[in-house]
Amino acid sequence: MKKENKSLFSQEIFAERIRQVMNIKSITLEDLHKAINYFGYDISKSNLSLYIQRSPNVNFLIALSKALSVPIDYLLGLSDELYMEGFDYRFQSNRYKKYCGSYFFYFFPTVSNSSTEVETAVLLFDDMSPDRVELTIQVDEENSKKYTGNFLLSSTYKVGYIVLKGERVGECVFLSFLDPTINSNTNVKLLVGAMLSVSSGDFKRVPVMSRFVLSRNKISEDKFTNIKANLRLNSKYVLITEEKLVRSIDDTGISDAQKMAVLERLRNAFSEKVCFTIEESYILNTLKNDCKLSTAQSIALLDTLRMNSLSDTNSKINRVIDARMYSYIFDSSV
């Protein structure tokens, strides 16, 4: 006698997994209904209530997986691995929705022997599913590269993580940024973050660590020096030779008397054998006041020093730079 096939699907587990995910992510039936229709499955809200309680068809299951942003294996009870402690999975909450929309993505190209000009791409946080992200980099007038992936917030460290998969096999980009306003409804306008990718244009690809700036508004050309300087060097200290220090001061556009005063003070405060290790707060506060520099002049001096710095000995993102860059770029009073 032929044995009866064992049931591999549990309707109870399926319904319970949906309920758990909706609770964890604060998704209402109305939210789920909009999302499922958005992903191409046309269904009424009353029928949806029935569908999530019974065995699903393939098309509904795919749309449901996308709408809830969870793997199909998890919904079917085939996998229990989904959530990690310390992360916020309430993708429909204001914590995520405040990021929704399009941003200008500024970064230095990773192509070997490329120019030092900043490239501009577009990063999009999906309005319907805020945890879904797309990065588009325009290669030339006709071609572009697209990366798609997911966004996750750490409620423990106030850090956002984005993992993007490229169209090419084996190509990924990892982005992370610090957002001090993560627990508020403050609209996100500008962020500085770290990027891990692979070098472009080489037969032999190698990992590359760099920085990026996200801005809700397009940054004007006259502010690009500030963007370039902080993409080049975003740490607290600027390491620079005296020759380049003198050149940086000359390029700032301050008076000769101010140049002499600035150079003398920096020599006395930071000179170490063949180079200077200059702390930015000294320029933005002490030097600014003692040498009678304006805010714009002190920032211009710091930007020029960064561009001429020997190296970046600290790869961590500067926690206070977001606010300073925002005020300089968007506040016309500076």
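Which residues line the second largest cavity? The close-up views below take that up, along with the aromatic rings of this predicted model.

**View A. The second largest cavity and its lining.** Here you can find I27, A67, L68, S69, F91, Q92, S129 and D131 around the cavity. Its volume is about 40 Å³. By character, the lining residues split into four nonpolar, three polar and one charged.

**View B. F91 again, now with its partner Y96.** The two rings make an edge-to-face aromatic pair, with 4.9 Å centre to centre and 85° between the planes. Both F91 and Y96 are buried. They also belong to one aromatic cluster, together with Y89, Y99, Y103, F125, F151 and F177.

**View C. A stacked pair, F104 and Y106.** The ring centres are 6.4 Å apart and the planes meet at 25°. F104 has 26% relative accessibility, so it counts as partly exposed. Y106 has 1% relative accessibility and therefore counts as buried.

**View D. R17 over the ring of Y74.** Look for R17 at the face of Y74, 4.2 Å from the ring centre.

**View E. The largest cavity.** This cavity has a volume of about 70 Å³, and the structure holds two cavities of 30 Å³ or more. Ten residues line the largest cavity, and N226, N230, I299, D303 and R324 are the ones nearest its centre. The elements giving two or more residues to this lining are α7 (224-232), α11 (295-307) and α12 (321-330). Five of the lining residues are nonpolar, two polar and three charged.

How values were computed
Residues numbered from 1 in each chain as written. Predicted model: local features only at pLDDT ≥ 70, side-chain atom pairs only at ≥ 80, totals over all residues. Heavy atoms only, no water. Phe/Tyr/Trp six-rings, centres within 6.5 Å; stacked < 30°, edge-to-face > 60°. Buried < 20%, exposed > 50% of the residue type's maximum accessible area, 1.4 Å probe, protein only. Lys NZ or Arg CZ within 6 Å of the ring centre and 35° of its normal. 1 Å grid on protein atoms, 1.4 Å probe; cavity = no way out; pocket = protein on both sides within 12 Å on 5 of 7 lines; lining within 4 Å. Points joined across faces, edges and corners; volume = space filled by probe spheres on them. Helix = DSSP H or I, 4+ residues; strand = E, 2+ residues; numbered from the N terminus. Nonpolar A, V, L, I, M, F, W, Y, C, P; charged D, E, K, R; others polar.
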